[in-house]
Amino acid sequence: MRQEEELQSPSNFSPPPIQAGKQKYWKAQPKEDRREESSPLDNMSGLSSRIMKAEHVPGIKAQPDESNGRYFHVVIDGPQDTPFEGGVFKLELFLPEEYPMAAPKVRFITKIYHPNVDKLGRICLDILKDKWSPALQIRTVLLSIQALLSAPNPDDPLANDVAEQWKSSEAEAMKTAKAWTRLYARNS
């Protein structure tokens, strides 16, 4: 019975094509007869190039690190009509070994005055935490961070002092955010 279960399990078979006339047929082969499978690290260069091709979004650039295919240098332009307009914000994005089952790790390198970003650059964004799904793409993450710059959420802060100012005097908070953008995010 055990041998029969192993033969029926889809994870034990690989479909290499067999040519017969003009039609292709697939023959199931036991796992032990397959070519050696590559590790996730072997596939990182392919993943990096797929991310680069798929992630072309205006105002967002992501470049893989030369020495680590799991690490990306990201640049997000400050959205128009926000206190971050004209700023160039550097971020780092890291794909953990468990990716895509675990969310990527993203943080701002450029200092920013924002209620959802703390002094270390960590970002409070639900899809980077409890709302992560393996179906989400890096493109979605980067677009969500760009959207967070357009719509800060002081009701779910990571920087409580900034959130308090955003709630008590939004105009003053925006003025400070503009000043920090000029100071830290110009030509960075």
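**View 1. The loop between β7 and β8 holds Pro-100.** This is a predicted model. The loop follows β7 (88-94) and leads to β8. Tyr-99 and Pro-100 are joined by a cis peptide bond. Its omega is about 15°. Most peptide bonds are trans.

**View 2. Asp-81 sits in the loop between β6 and β7.** The strand β6 spans 71-77. Asp-81 has a phi near 60°. That value is positive, and the residue is not a glycine. Most residues other than glycine have a negative phi.

**View 3. Helices α4 and α5 cross at roughly 130°.** Two packed helices are described by the angle between their axes and the distance between the axes. Here the axes come within 5 Å. Helix α5 covers residues 170-184. The crossing makes α4 oblique to α5, because angles over 145 degrees would count as roughly antiparallel and 65 to 115 as roughly perpendicular.

**View 4. Residues of α4 and α5 meet in a shared contact.** On the α4 side are Gln-165, Trp-166 and Ser-168. On the α5 side are Glu-170, Glu-172, Ala-173, Met-174, Thr-176 and Ala-177. By class, the contact has four nonpolar, three polar and two charged residues.

**View 5. The second largest pocket has a volume of about 220 Å³.** Its lining comprises 17 residues. Nearest the centre lie Ile-112, Val-117, Asp-118, Lys-119 and Trp-180. Two elements, β8 (105-108) and α4 (160-168), each give two or more residues to the lining. Ten lining residues are nonpolar, two are polar and five are charged.

**View 6. Residues 1-42 have a pLDDT below 50.** For the protein chain, the average pLDDT is 81. Of the residues, 70% score at least 70. The stretch 1-42 makes 37 contacts in the model beyond near neighbours in sequence. Where pLDDT is low, the predicted coordinates should not be read in detail.

Key
Residues are numbered from 1 along each chain as its sequence is written. This is a predicted model: local features need pLDDT of at least 70, side-chain atom pairs count only at pLDDT 80 or more; totals for chains, interfaces and linings use all residues. Side-chain values use heavy atoms; hydrogens and water are left out. On a 1 Å grid over the protein atoms alone, a cavity is a set of points where a 1.4 Å probe fits but cannot get out, and a pocket is an open set with protein on both sides within 12 Å along at least five of seven lines; lining residues have an atom within 4 Å of a point. Grid points are joined across faces, edges and corners, and a volume is the space filled by probe spheres set on the points. Helices (H or I, at least four residues) and strands (E, at least two) are DSSP runs, numbered from the N terminus. Ala, Val, Leu, Ile, Met, Phe, Trp, Tyr, Cys and Pro count as nonpolar, Asp, Glu, Lys and Arg as charged, and the others, Gly among them, as polar. Axes are lines fitted to C-alpha atoms, for helices over the stretch in contact, and angles run from 0 to 180 degrees between N-to-C directions. Angles under 35 degrees count as roughly parallel, over 145 as roughly antiparallel, 65 to 115 as roughly perpendicular and the rest as oblique. Contact means heavy atoms within 4.5 Å. pLDDT is the predictor's confidence in each residue, from 0 to 100.
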